[in-house]
Amino acid sequence: MAARTIHPNPTQSQKTLYQSGLNLINRFVYTLRRYTAVYAALWKASLTREIMFKVNFLLWVVVELVWFGLQVAFVSVLYLHTEEIGSWTKWQVMLLVGVAQFIQQIFQALFLINCANLSDLVRTGKLDFVLLMPVNSRFLVSLRQVDPSSLVNALVALGVMGYALAQLHIKITVANLALFLMLCTVGILIHYSLMFILGAVSFWMTRSEGLVWVYYNMFQIARLPDEAFRGVMKVIFTFVVPMLLVANVPTRTLAHTLHSPLYLLLMLGCALVCFWASSLVWKSAIKRYSSASS
Amino acid sequence: MVHTIRLRFETQSIWAMKTFRKYLYAMWFGVQMNLAYRLNFFARAIFGLIPIAAVIAVWKTIYAGQGQQSTVAGYSLSEMVTYYILICVLDMLIAVHDDDLQIAREIREGTINQFLVKPIDYMWFRLSMFAGGKIAYTTVALWPLLTFILLLKNNFQSPVSSQALALFVFSALLGACLQFFISYTVAMLAFWVLEVSTFIFIVFAFEFIASGRLFPLDLLPSPLLQILMWSPFPYELYLPLAIYSGKVTGFELVRGLLLQAAWVCIMAGLARLIMNLGIKRFSAYGG
């Protein structure tokens with residue numbers, strides 16, 4: 001399909017391979033620039049909306065901060081009474097809490113509202129307007145709104161991570177940081193795919209608050225050290241809903257406690273499977289979609 | 001003379017009966033309305049157990065690292081697991097779900113008008129609806145919870161005495177009222193601010209940690225606990241649970257129950273006061 005659109009004119013056969021390669025790159029750059037421009041416009045619209053409700057913006061920052069503080073307090077209280085959870089020391093778990101929060105907040109900033117609104121789009125028939133736009137509909141559905149207050153909280157999470165790393169006396173190399181950031185991206189991809197599936201299959205949920213609530217419950221697993229889980233729970237939260245990989249693997253790479261590089265492959269593999277499953281769900285949802293009445 | 005007194009007594013009792021019936025209907029209405037969301041409830045009940053199961057797993061790991069017979073702040077592993085199971089039970093029976101968000105929405109959208117002009121008190125009506133909602137929720141959530149308890153039955157402890165069980169139920173009922181009135185008071189802020197859900201979530205966060213939902217409060221350093229016990233939050237969950245396990249007995253128990261009752265009255269009064277202030281400056285939108 002793509003190949004056909006790249007070669008629109010009949011004299012194509014006379015052109016060299018070099019030229020068609022160039023054409024492909026041009027096309028790619030053009031698409032990339034176009035989507036960047038669309039995404040920039042979406043950011044601008046979201047920011048404009050946030051500026052209209054400044055107090056509300058600040059209050060949401062406070063809400064997230066209080067909940068994050070609660071997690072930190074919980075870890076502190078646990079370590080008043082124990083030295084280790086499995087082999088995890090206090091500041092390793094703090095680092096984990098920070099990493100989990102960082103990944104969650106970036107995910108929330110870019111994707112959460114959009115995934116949560118998915119069922120509303122379908123129920124109200126507003127998906128029509130998305131499908132009519134001359135851009136990839138999944139792109140638009142997934143990235144329509146940005147939540148800048150979560151970005152503020154991602155910075156706070158970075159602060160906690162930095163403090164925990166200092167307590168652990170860990171020096172970060174550039175290669176380590178690059179690997180960590182890549183793993184964070186993979187973690188965000190896992191969250192996004194799972195939440196997207198949840199959003200797409202939840203038309204039967206009469207209140208959309210229930211959806212975000214389910215998600216928050218799942219995410220609480222990601223903050224906990226993987227060694228606490230055994231048996232069925234470990235299998236489910238590693239292979240079915242890979243919550244134990246999302247934040248634990250990036251944290252272990254930072255803290256140099258990763259047992260084997262196989263975990264990196266496992267995490268990447270799980271992310272790709274989740275993403276693949278989410279595109280299946282999206283395709284079948286679109287196929288079945290027949291707008292709303294009126 | 002005797003006749004008129006008797007007559008007055010009878011009219012009063014008829015009035016009381018009618019009032020009682022009115023709120024009983026409101027409760028029944030709450031049951032019916034909420035049963036429409038039973039699939040939601042089911043999902044909510046199942047997914048709500050996941051974080052608790054995870055925290056129990058963390059505790060099991062901690063105990064395993066310290067030897068099986070060890071205690072943490074006076075809690076054995078079984079006591080700790082029982083604590084979290086009972087958190088689930090109380091969460092099912094007495095926790096406020098989205099009553100506060102509903103109340104705030106009714107104020108914001110002006111639909112509260114229809115109650116203000118009717119011969120029914122909005123606060124008691126909402127309390128009845130809350131009770132009805134909890135009954136509806138329990139009929140659905142009971143089954144996943146029972147399964148959960150069966151899975152953990154090796155570590156589930158019964159109450160220290162039948163007396164403790166009775167007091168646990170009594171204290172939990174007071175805790176339900178306390179939770180409701182706190183939520184109701186916060187929801188009343190909707191008379192002043194447009195977006196009240198942020199306040200609801202902030203207060204909820206404080207309740208989450210200070211009521212003992214995240215961990216037993218006596219894991220905290222003792223001075224902190226002493227201060228906390230003067231706030232209303234520990235009386236929502238922690239006190240009934242401490243009564244169940246026999247952590248609180250004798251004089252402390254009586255003082256706890258009295259403080260709990262006092263907080264219920266204070267929060268009910270505050271809720272009423274703020275509601276009256278709010279209605280005074282209320283200019284219904286739309287309606």
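Visitor: Why is B:E79 called partly exposed?
Guide: Its relative accessible area is 22%. Buried means under 20%, and exposed means over 50%. The 22% of B:E79 falls in between, so the residue counts as partly exposed. Keep in mind that this is a predicted model.

Visitor: What makes B:K247 partly exposed?
Guide: Use the two limits again. B:K247 has a relative accessible area of 27%. That is not under 20% and not over 50%, so B:K247 is partly exposed.

Visitor: How do you know that B:E79 forms a salt bridge with B:K247?
Guide: Check the distance. The closest N and O atoms of B:E79 and B:K247 are 4.0 Å apart. The cut-off is within 4 Å, so the pair is counted, right at the limit.

Visitor: What makes this a link between distant parts of the chain?
Guide: Look at where each partner sits. B:E79 is in helix α3 (residues 77-94) of chain B. B:K247 is in the loop between α10 (238-245) and α11 (250-280). The two are 168 residues apart.

Visitor: Why is the pair of B:D91 and B:R213 called a salt bridge?
Guide: Here the closest N and O atoms are 3.0 Å apart. That is within 4 Å, so B:D91 and B:R213 qualify. This pair also links distant parts of the chain, being 122 residues apart. B:D91 lies in helix α3 of chain B, and B:R213 in the loop between α8 (197-210) and α9 (222-228).

Visitor: What idea stands behind such pairs?
Guide: Side chains of opposite charge can pair when their charged atoms come close.

Visitor: B:D91 and B:R213: which is buried, and which is partly exposed?
Guide: B:D91 has 23% relative accessibility, which puts it between the limits of 20% and 50%, so it is partly exposed. B:R213 has 18%, which is under 20%, so it is buried.

Visitor: Which residues do salt bridges join into one network?
Guide: A:D226, A:E227 and A:R252. What makes them one network is that their salt bridges share partners.

Visitor: How do you know that A:D226 and A:R252 meet in a salt bridge?
Guide: Their N to O distance is 3.0 Å. The limit is within 4 Å, so the side chains count as a salt bridge. A:D226 is in the loop between α9 and α10 of chain A, while A:R252 is in helix α12 (residues 248-255), 26 residues away. Both A:D226 and A:R252 are buried. Over all chains, the structure holds six salt bridges.

Visitor: Why is A:Q104 called buried?
Guide: Its relative accessible area is 1%. Buried means under 20%, so A:Q104 passes. The residue lies in helix α4 (residues 90-124) of chain A. Leaving out residues up to four places away in sequence, A:Q104 touches A:Y215, A:Y216, A:F219 and A:R223.

Visitor: What makes A:L189 partly exposed?
Guide: A:L189 has 26% relative accessibility, between 20% and 50%, so it counts as partly exposed. Its place is helix α8 (residues 174-200) of chain A. Beyond its neighbours within four places in sequence, A:L189 is in contact with A:A271 and A:F275. A:C274 is 85 residues from A:L189 in sequence, yet their C-alpha atoms are 8.4 Å apart in space.

Visitor: How many residues does each chain bring to the contact between chain A and chain B?
Guide: Chain A gives 36 residues, and chain B gives 40. Together they bury about 3500 Å², with 75% of that on carbon and sulfur atoms.

Visitor: How many salt bridges are there between chain A and chain B?
Guide: Zero. There are, however, five residue pairs in polar contact between them.

Visitor: Which elements give two or more residues to the side of chain A that touches chain B?
Guide: They are α3 (54-81), α9 (209-222) and α10 (231-240) of chain A. α3(A) gives the most, with 14 residues. That side of chain A divides into 24 nonpolar, seven polar and five charged residues.

Visitor: How many helices and strands are there in chain B?
Guide: Chain B has 11 helices and zero strands. Of its 287 residues, 51% are buried.

Definitions and conventions:
Residues are numbered from 1 along each chain as its sequence is written. Chains are lettered from A and ligands numbered from 1 in the order in which they are written. This is a predicted model: local features need pLDDT of at least 70, side-chain atom pairs count only at pLDDT 80 or more; totals for chains, interfaces and linings use all residues. Side-chain values use heavy atoms; hydrogens and water are left out. Contact means heavy atoms within 4.5 Å. Buried area is the accessible area (1.4 Å probe) that two parts lose on being put together, summed over both. A polar contact is a pair of N or O atoms within 3.5 Å; within protein, one must be able to donate a hydrogen and the other to accept it, and residues adjacent in sequence count only if both atoms are side-chain atoms. Helices (H or I, at least four residues) and strands (E, at least two) are DSSP runs, numbered from the N terminus. Ala, Val, Leu, Ile, Met, Phe, Trp, Tyr, Cys and Pro count as nonpolar, Asp, Glu, Lys and Arg as charged, and the others, Gly among them, as polar. Buried means under 20% relative accessible area, exposed over 50%, partly exposed in between (1.4 Å probe, protein chains only).
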